[in-house]
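Work through the exercises below with the structure open. Each task is followed by its solution in steps.

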Amino acid sequence: MDTGQIISGTGHLALIGWALFGGSFQSAPEPFEVIQATTVSESEFAAIMDRAETPEAVANVDTPEPPAEGQTAPQVTPEAETAPEAAPPRVEESTPPEGVEGAPPSMQVPSEDMAVMVPEVSPRPQPRPAPRVAPEAAPEPEPDTRVDDVTQPEVTPDEGAETAEEPSEATAPEEAAREIVTEAEETDAPAQAAPPASVRPRTRPDRPDPPQEAPTATAEAPSEPEPEPAPEPEPEPEPPQPASDRAAIDDALAAALGEAQQGTERPSGPPLTGGERDALRVAVQRCWNVGSLSSEALRTTVEVAVSMTREGRPDIGSIRLVGSSGGSDAAAKQAYEAARRAIIRCGTDGFDLPVEKYDQWREIEMTFNPESMRIR
Amino acid sequence: MMRTMISLLAVLTLWALPALAQDSGPLRIEITEGVIEPMPYAVPDFVAESGAERDMARNLSRVIAADLSGTGLFREIPQDAHISRITSFQSPVQYADWRAVNAQALITGTVRFDGSDRMVVQFRIHDVFAGQELGDGLQFVGTRDGWRRIAHKVADVVYSRITGEDGYFDSRVVFVAESGPKDDRAKRLAIMDYDGANLRYLTDSSNIVLAPRFSATGDRVLYTSYEMGFPRIYVLDVANVGRRVLPTLDGTMSFAPRFAPDGRTVAYSLSQGGNTDLYRMNIDGGQSTRLTSAPSIETAPSYSPDGRRIVFESDRSGTPQLYIMPAGGGEATRISFGQGRYGTPVWSPRGDLIAFTKQSGGRFHIGVMRTDGSEERLLTASFLDEGPTWAPNGRVIMFTRESRGAQGQSRIYSVDISGRNLKQVETPGGASDPSWGPLQQ
């Protein structure tokens with residue numbers, strides 16, 4: 001038995017002894033409450049109850065006796081329950097204003113057909129069937145309002161103003177509904193004060209794709225969820241070779257990265273942010289009109305590739321169908337043509353894309369999936 | 001130690017490879033939400049040389065525009081908004097001018113009178129934003145009297161090229177034309193173009209006529225008439241208006257006929273001794289075969305497009321509901337289970353949907369459901385809607401809408417199967433019981 005074990009054994013014994021006899025495992029007694037009680041005979045209890053039911057006149061008592069211990073508090077009817085006598089409201093006979101004569105007009109009983117036209121209750125406004133169905137509903141714009149994506153009031157130059165404001169006409173988005181409202185649905189909703197059901201909240205949009213950065217080994221290593229592989233066992237430890245290690249690291253990196261970069265030219269520059277991708281998506285879907293597509297074309301998903309100019313405009317000649325699923329070739333052709341129109345129409349003035357990231361969006365592949373746009 | 005680091009680095013770098021590989025290549029985005037709105041298009045007057053040809057060219061372009069805009073899927077850019085004129089059919093189109101007025105499709109054409117009565121119409125469809133033609137140019141030759149049909153055919157081609165499904169403009173509707181008050185209403189069979197033009201009466205109003213039904217080829221019409229004092233089924237030749245009564249048993253009433261797709265077989269209801277069942281008859285031989293034999297009322301049969309099944313109405317469950325059975329009779333499967341009473345089912349020409357009349361909550365609806373009864377959708381609601389009939393492409397439904405009151409009239413309405421574009425079809429007076437024929441050959 002070596003010294004270490006002796007020291008360890010002694011230490012442990014001392015600790016156990018202190019725990020047992022030092023009072024650590026003894027709890028202090030809980031404090032208890034002492035309540036004094038007295039015995040009440042049956043006759044006394046009856047007398048107490050009697051007093052509780054028929055209290056003596058309050059006027060005879062100046063200071064109430066403190067209740068004996070255990071005595072039940074008498075029930076007292078609150079005086080406030082007695083309603084005060086309401087003062088009769090003053091009624092003044094109104095006199096008709098001058099110039100008004102005769103009996104009040106009597107309401108004519110409407111004929112049957114008229115009665116039908118008068119609603120018994122004021123109906124709540126119903127969703128209007130707008131001719132345009134878009135992801136976001138928009139009210140009917142005021143007349144003389146230019147259709148635009150943003151809503152802004154008309155600005156007219158004020159002659160007296162110190163700073164001249166650029167005049168601009170009022171703009172508002174085109175009237176749109178979120179879904180097709182049929183006549184049956186339009187009038188099905190009963191006219192009542194409260195809606196029978198609330199609209200189901202929209203599902204949260206998918207989390208945007210993480211930016212496709214070229215991850216470096218050091219940056220990603222901490223978040224690596226998988227267990228790190230154990231280093232290969234080395235049967236024979238070799239002496240350190242500082243000079244060749246740096247070369248080995250470089251070789252390993254070059255070998256790994258070289259494979260990734262082989263063949264295709266990787267876009268340079270920072271990747272598009274989620275917001276920039278969303279902006280492009282919204283810009284295209286604003287022009288993607290599926291209203292004139294056949295039912296079969298509405299079941300067809302098409303992938304369309306397009307080359308972009310540095311100004312953010314699509315190169316019309318480069319737009320091509322690279323894949324389709326869900327429909328015949330004819331349906332894919334119709335769906336592709338609608339997609340092509342969307343890209344060209346909304347790209348005429350150039351999509352709002354960061355020019356410093358041109359390499360990232362020089363080539364774009366858009367998947368047009370009409371699943372959520374079908375007639376339901 | 002250093003070797004361990006090297007190995008670790010190599011492993012981590014290899015792990016990062018897929019991410020690097022993803023980063024290469026084009027930017028990928030998915031578009032899942034678009035808009036549903038009428039497509040703007042322009043149809044300038046077709047190019048013509050003489051004055052008479054120019055008048056005809058204008059008429060043609062107006063009918064084409066009415067057809068396309070009438071679908072609710074297209075919106076015409078008014079001619080006074082055009083900033084470019086088409087003066088030559090052969091010259092290249094200045095697409096920028098049409099893009100400037102936001103026309104997505106452009107229809108150009110030319111009209112030329114050829115000989116005494118013939119005319120030649122050539123046309124092209126352009127995808128303005130793509131700056132190219134949609135398909136090849138086409139030519140129709142016909143008589144001048146038939147100019148509306150030529151215009152409808154042009155519109156059908158445009159509709160088909162853009163939407164990908166057949167059009168329905170060059171088609172006709174047979175219906176019951178009504179006049180007089182509700183309690184003394186005169187009824188006669190009439191036929192018209194789908195848009196109400198070229199109205200022609202097929203019978204006089206001396207007898208009550210009901211429920212005309214086109215054959216699949218559109219050359220004959222079945223209908224029910226009280227000419228003999230009780231309902232009997234007649235078949236009428238549309239071309240020469242010749243008609244004949246179909247044979248039936250004495251002491252029975254036959255009604256609600258409908259052609260099978262083969263054009264030789266007719267399914268109909270026969271009422272005998274207070275019981276109504278479905279029968280089918282060979283229209284040439286006259287032999288009838290009983291299809292149902294239940295104590296309940298079975299009526300309103302309608303064939304599937306392949307002719308193998310029949311959807312019909314029956315109150316065997318206590319209330320009128322829709323059932324499907326084999327065309328030769330046999331076990332029927334109930335397909336309607338919603339609240340209310342279902343009737344007058346009609347199978348879509350595409351075969352995927354069944355249109356019906358539904359009475360529920362004191363109102364009448366026209367609705368559609370899948371052939372298994374799922375996905376029921378009500379498209380209309382009014383005091384009285386009934387009797388749906390399908391456009392030849394299965395995209396639009398016509399039906400009868402009757403207004404309330406003693407002075408109420410029946411009118412024909414149409415609605416897209418999405419429930420949009422509900423509108424009245426122009427008829428000179430009251431009209432009911434439409435039957436939409438096929439595209440004309």
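**Exercise 1: A register in an open sheet**

In this predicted model, Ser254(B) stands opposite Leu270(B) in E16(B). Place this pair in its sheet: find the strand order, the edge strands and the twist.

Solution.
- Step 1. Start with the strand pair. E15(B) and strand E16 of chain B, residues 265-272, are joined by 5 bridges and run antiparallel.
- Step 2. Extend to the sheet. Its 4 strands follow the order E15-E16-E17-E18 in chain B, the sheet is open, and the pairing is antiparallel.
- Step 3. Find the edges. Strand E15 (253-259) and strand E18 (288-290) of chain B each pair on one side only.
- Step 4. Add the twist. From one strand to the next it averages 30°.

**Exercise 2: A second open sheet**

Describe the sheet that holds E27, E28, E29 and E30 of chain B. Then give the partner of Tyr413(B) in E30(B).

Solution.
- Step 1. Read the order. The 4 strands run E27-E28-E29-E30 in an open, antiparallel sheet of chain B.
- Step 2. Name the edges. They are strand E27 (385-390) and strand E30 (423-424) of chain B, each paired on one side only.
- Step 3. Count the bridges. Strand E29 of chain B, residues 410-416, is joined to E30(B) by 2 bridges, with the strands antiparallel.
- Step 4. Fix the register. Tyr413(B) faces Gln424(B) in E30(B).
- Step 5. Recall the bonding. Strands in a sheet pair through backbone hydrogen bonds, parallel or antiparallel.

**Exercise 3: A hairpin**

Characterise the hairpin of E11(B) and E12(B). Is strand E11 of chain B mostly covered or mostly uncovered?

Solution.
- Step 1. Check burial. In strand E11 of chain B, residues 209-214, 5 of 6 residues are buried, so the strand is mostly covered, taking 20 or more C-beta neighbours within 10 Å as buried.
- Step 2. Check pairing. E11(B) pairs with strand E12 of chain B, residues 220-225, in the antiparallel sense over 4 bridges.
- Step 3. Set the register. Arg213(B) lies opposite Leu222(B) in E12(B).
- Step 4. Look at the turn. The hairpin has 5 residues between the strands, and Gly218(B) has a positive phi near 80°.

**Exercise 4: Positive phi outside glycine**

Which sign of phi do Ala256(B) and Asp433(B) have? Are the two residues buried or exposed?

Solution.
- Step 1. Recall the background. Most residues other than glycine have a negative phi.
- Step 2. Take Ala256(B). Its phi is positive, near 50°. Ala256(B) sits in strand E15 of chain B.
- Step 3. Count its neighbours. Ala256(B) has 26 C-beta neighbours inside 10 Å, so it is buried.
- Step 4. Take Asp433(B). Its phi is also positive, at about 50°, although Asp433(B) is not a glycine. Asp433(B) belongs to strand E31 of chain B, residues 430-439.
- Step 5. Count again. Asp433(B) has 26 C-beta neighbours inside 10 Å and therefore counts as buried.

**Exercise 5: Two packed helices**

How do H3(B) and H5(B) lie to each other? Which classes of residue make up their contact?

Solution.
- Step 1. Take the geometry. Helix H3 (residues 51-70) and helix H5 (residues 147-163) of chain B pack at about 45°, and their axes are 8 Å apart.
- Step 2. Classify the angle. H3(B) and H5(B) are therefore oblique to each other.
- Step 3. Give the handedness. The crossing of H3(B) past H5(B) is right-handed.
- Step 4. Sort the contact by class. There are 12 nonpolar, 2 polar and 2 charged residues.
- Step 5. Name some members. H3(B) contributes residues including Met56(B), Leu60(B) and Asp67(B), while H5(B) contributes residues including Trp147(B), Arg148(B) and Tyr159(B).

**Exercise 6: An exposed alanine**

Is Ala96(B) buried or exposed? How far is its C-alpha atom from that of Val128(B)?

Solution.
- Step 1. Locate it. Ala96(B) is in helix H4 of chain B, residues 95-100.
- Step 2. Count. Ala96(B) has 11 C-beta neighbours inside 10 Å, so it counts as exposed.
- Step 3. Take the distance. The C-alpha atoms of Ala96(B) and Val128(B) are 8.0 Å apart, with their positions 32 residues apart along the chain.

**Exercise 7: Chain totals**

Set out the totals for chain A and chain B.

Solution.
- Step 1. Count the elements. Chain A has 9 helices and 5 strands, while chain B has 5 helices and 31 strands.
- Step 2. Take burial. Buried residues are 17% of the 376 in chain A and 46% of the 441 in chain B.
- Step 3. Take contacts between residues at least 6 apart in sequence. Those joining residues at least 24 apart make up 74% in chain A and 43% in chain B.

Definitions and conventions. Residues are numbered from 1 along each chain as its sequence is written. Chains are lettered from A and ligands numbered from 1 in the order in which they are written. This is a predicted model: local features need pLDDT of at least 70, side-chain atom pairs count only at pLDDT 80 or more; totals for chains, interfaces and linings use all residues. Two strands pair if DSSP finds at least two bridges between them. A residue is buried if 20 or more other C-beta atoms lie within 10 Å of its own, exposed if 12 or fewer, and partly exposed in between; C-beta atoms are placed from the backbone. Two residues are in contact if their C-beta atoms, placed from the backbone, lie within 7 Å. Axes are lines fitted to C-alpha atoms, for helices over the stretch in contact, and angles run from 0 to 180 degrees between N-to-C directions. Angles under 35 degrees count as roughly parallel, over 145 as roughly antiparallel, 65 to 115 as roughly perpendicular and the rest as oblique. A crossing is left-handed if the near helix is turned anticlockwise from the far one by less than a right angle, and right-handed if clockwise. Ala, Val, Leu, Ile, Met, Phe, Trp, Tyr, Cys and Pro count as nonpolar, Asp, Glu, Lys and Arg as charged, and the others, Gly among them, as polar.
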